[in-house]
Amino acid sequence: MTTKDENPTIAASSQRPERTTYNVPKPVPAYYPHSGSPIYADKELYTRIAKAPKKLVKTHSCAPRSGIAVTIPAKSVFRITTPEGPQVCDLNIWNLHNPRERFWAARTRQLHSAHVSTFDRLWSNLPYLRPLVTITADSMEARHDEWGGRVHDTLGTRCDPYVDKLISGIDNDLHCHSNLTRSVMPYGLTEFDVHDVLNVFQVTGLNEHDQYFMEACPATSSDYFECFCEQDLLVAISACPGGDLSQWGWGENEENTEESKMIDCCRPLAIEVYQLQDEENVLKCWNPPQYIDYKGNHGLRGPQ
Ligand SMILES: [Zn+2]
């Protein structure tokens with residue numbers, strides 16, 4: 001294992017830490033909606049969904065260092081929880097009936113922000129570009145700390161055995177990519193269907209060198225991240241084998257004493273699925289999300 005402290009190239013970056021004044025105007029956010037655009041959720045509707053009485057239909061447990069995949073019908077609400085305290089969660093979402101439509105972390109980052117919270121939506125990839133879920137509640141409430149760390153991150157992606165070997169030279173099977181891969185195999189999906197994640201309960205940011213950093217997960221046993229399903233979904237989560245990220249490192253192996261420290265901070269996750277009790281009334285202003293009706297063909301024209 002290479003630890004953070006031993007790594008002599010920890011600060012290697014092409015980016016200057018200091019800023020230069022070029023007297024350019026302050027930029028505005030690049031993506032903003034025209035009026036009536038579905039980019040932003042109707043706060044009244046989604047507050048009503050969040051507050052409405054619900055029946056707990058099922059609780060799916062995810063053991064430490066493992067992954068699960070579950071199907072959840074449209075119009076349900078699900079909560080991802082940390083029932084035994086801090087643990088980061090790598091989340092993948094697909095349209096249940098068409099797994100080519102899946103979560104697009106990069107576009108979600110542009111449409112909303114690099115970290116997401118209540119009323120943000122998790123968008124699908126091209127050529128679909130519609131919400132898979134809308135976030136209805138977040139017990140961590142857009143946390144923002146003194147290092148610039150924020151929670152529920154679309155900046156990074158899952159840990160995987162390829163980058164681990166690249167960094168450590170060791171074959172290691174304990175990663176979110178592998179957990180997600182095993183969890184979706186019963187649904188006919190493969191490693192190629194696993195995609196860039198939302199890191200739920202994970203506090204991350206960019207440092208003065210523009211480098212991605214991760215902090216220890218502050219979630220408690222009462223924290224949750226709640227979403228309304230805009231479509232019938234396949235939802236997969238991985239309880240990251242890095243646990244709460246207080247002891248993470250690359251190149252885990254059996255003999256390494258550092259490993260036990262990382263195992264000690266690994267905890268379970270759960271997905272609670274709820275059904276709205278008065279669905280018809282609560283959802284009377286809700287419409288299933290539609291594909292974007294772009295009618296061009298990327299400029300190609302067929303026979304006249
Ligand atoms: Zn992971």
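**Exercise 1. Strand β9 and its partners**

Task: In this predicted model, which way do β4 and β9 run, and how many bridges join them? Then find the other partners of β9.

Solution:
- Step 1. Start with β4 and β9. They run antiparallel, and three bridges join them. One facing pair is L91 and L198, the latter in β9.
- Step 2. Move to strand β8, residues 150-153. β8 pairs with β9 over three bridges, again in the antiparallel sense. Here V151 has V203 of β9 as its bridge partner.
- Step 3. Take strand β10, residues 212-215. Four bridges link β10 to β9, and the sense is antiparallel. L206 has Y212 of β10 as its bridge partner.
- Step 4. Look at the link between β9 and β10. The two strands form a hairpin with five residues between them. In the turn, D210 has a positive phi of about 70 degrees.
- Step 5. Check the cover. β9 spans residues 198-206, and seven of its nine residues are buried.

What holds such strands together? Strands of a sheet pair through backbone hydrogen bonds.

**Exercise 2. M214, a residue of β10**

Task: Where is M214 placed, and why does M214 count as partly exposed?

Solution:
- Step 1. Locate the residue. M214 sits in strand β10.
- Step 2. Count neighbours. M214 has 19 C-beta neighbours inside 10 Å. A buried residue needs 20 or more, so M214 counts as partly exposed.
- Step 3. List the contacts. Beyond its neighbours within four places in sequence, M214 touches Q202, V203, T204 and L245.
- Step 4. Compare positions along the chain and in space. M214 and E84 are 130 residues apart along the chain, and their C-alpha atoms are separated by 21 Å.

**Exercise 3. C265, a loop residue**

Task: Between which elements is C265 found, and with which residues is C265 in contact, leaving aside its neighbours within four places in sequence?

Solution:
- Step 1. C265 lies in the loop between α5 (257-264) and β13.
- Step 2. C265 has 19 other C-beta atoms within 10 Å, so C265 is partly exposed.
- Step 3. With neighbours within four places in sequence left aside, the contacts of C265 are G243, D244, S246 and Q247.
- Step 4. Now take P86, which is 179 residues from C265 along the chain. Their C-alpha atoms are separated by 7.9 Å.

**Exercise 4. The six-strand sheet**

Task: In what order do the six strands of the open sheet stand, and why is one side of β1 and of β6 left without a neighbour?

Solution:
- Step 1. Read the order: β1-β13-β3-β11-β7-β6. The pairing is antiparallel.
- Step 2. Find the edges. β1 (54-62) and β6 (121-123) each have a single partner strand, so one side of each has no neighbour in the sheet.
- Step 3. Note the turn. On average, neighbouring strands of this sheet are turned by 25 degrees against each other, direction ignored.
- Step 4. Inspect one edge pair. β1 and β13 (residues 269-276) pair over eight bridges. L56 stands opposite Y274 of β13.
- Step 5. Add the helix. Helix α1 (residues 43-51) packs on the sheet and touches β3, β7 and β11. The direction of α1 makes about 65 degrees with that of β7.

**Exercise 5. Helix α4 and the core**

Task: How many residues of α4 are buried, and which elements do they pack against? Which residues have the most contacts inside the largest nonpolar core?

Solution:
- Step 1. α4 covers residues 176-184, and eight of its nine residues are buried. Among them are C176, L180 and V184.
- Step 2. These buried residues pack against β2, β4, α3 and β12.
- Step 3. The largest nonpolar core has 56 residues, and C89, I93, V235 and I237 have the most contacts inside it. β12 gives the most to this core, with six residues.
- Step 4. Follow C89. Setting aside neighbours within four places in sequence, the contacts of C89 include I80, V200, F201 and I237.

**Exercise 6. The whole chain**

Task: Why is the chain described as being as compact as a globular protein of its length?

Solution:
- Step 1. Count the elements. The chain has six helices and 13 strands.
- Step 2. The radius of gyration is 20 Å, close to the 19 Å from the globule rule for 304 residues, so the chain is as compact as a globular protein of that length.
- Step 3. Check the burial. Of the 304 residues, 37% count as buried.

Note on methods. Residues numbered from 1 in each chain as written. Predicted model: local features only at pLDDT ≥ 70, side-chain atom pairs only at ≥ 80, totals over all residues. Buried ≥ 20, exposed ≤ 12 C-beta atoms within 10 Å, placed from the backbone. Contact = placed C-beta atoms within 7 Å. Pairing = 2+ DSSP bridges. Axes fitted to C-alpha atoms, helices over the stretch in contact; angles between N-to-C directions. Core = buried A, V, L, I, M, F, W, Y, C linked by C-beta atoms within 7 Å. Rg over C-alpha atoms; globule rule 2.2 N^0.38 Å.
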